[in-house]
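User: Hi! I would like a close look at one charged part of this model and at what surrounds it. Could you take me through it in one go?

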Amino acid sequence: MAVFEFSVVSADSIEDREEGTIVADDKLAAFDKLKRLEYTDIRLRSLHGFEAFRRQWSADVV
């Protein structure tokens, strides 16, 4: 499993930008999960090492 930080725009409100952490198999799976939640302008950044290990337990999207 990979851990990513994401920054997205809600489909309901173009002005609201949300940020959080997502756990997925790979970058494409993470993008797909966020797309199914009806987010647009999806930006992902992979996390590595201890930071990824720590943030996987408190991820916003699993």
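User: Is Glu-5 buried, partly exposed or exposed, and what is its relative accessible area?

Analyst: Happy to. A few conventions come before the answer. This is a predicted model, in which local features need pLDDT of at least 70, side-chain atom pairs count only at pLDDT 80 or more, and totals for chains, interfaces and linings use all residues. Residues are numbered from 1 along each chain as its sequence is written, and side-chain values use heavy atoms, with hydrogens and water left out.

Glu-5 is partly exposed, with a relative accessible area of 23%. Here buried means under 20% relative accessible area, exposed means over 50%, and partly exposed is in between (1.4 Å probe, protein chains only).

Now to its partner. Glu-5 forms a salt bridge with Arg-45, and the closest N and O atoms are 2.6 Å apart. The term stands for a side-chain nitrogen of Lys or Arg within 4 Å of a carboxyl oxygen of Asp or Glu. Side chains of opposite charge can pair when their charged atoms come close. Because Arg-45 lies in strand S3 and Glu-5 in strand S1, the pair ties together parts that are 40 residues apart in sequence. Strands (E, at least two residues) and helices (H or I, at least four) are DSSP runs, numbered from the N terminus. Arg-45 is partly exposed too, at a relative accessible area of 48%.

The pair belongs to a network of salt bridges that links Glu-5, Arg-45, Glu-51, Arg-54 and Arg-55. Within this network, Arg-55 and Glu-51 meet through their side chains at 3.1 Å, N to O. Both of these residues lie in helix H2, 4 residues apart, or about one turn of the helix. Arg-55 counts as buried at 17% relative accessibility, whereas Glu-51 counts as partly exposed at 30%. By the salt-bridge rule, the count comes to 7. Another one joins Arg-43 to Asp-41, where the closest N and O atoms are 3.5 Å apart; Asp-41 is partly exposed at 39%.

One residue brings Glu-5 and Arg-55 into a shared neighbourhood: Thr-21, whose contacts include both of them. Contact means heavy atoms within 4.5 Å. Leaving aside neighbours within four places in sequence, Thr-21 also touches Val-3, Phe-4, Phe-6, Ala-59, Asp-60 and Val-61. Thr-21 is found in strand S2 and counts as buried, at 3% relative accessibility.

Among the contacts of Thr-21 are Phe-4, Phe-6 and Val-61, and these three belong to the largest nonpolar core, which has 11 residues in all. Such a core is a set of buried Ala, Val, Leu, Ile, Met, Phe, Trp, Tyr and Cys residues joined through side-chain atoms within 4.5 Å. Strand S1 (2-10), strand S2 (17-24), helix H1 (27-36) and strand S3 (39-46) each supply at least two residues of this core. A second, separate core of 5 residues includes Val-23, Leu-47, Ala-52 and Ala-59. As for Phe-6, its contacts, not counting residues up to four places away in sequence, include Glu-18, Ile-22, Leu-34, Arg-43 and Leu-44.
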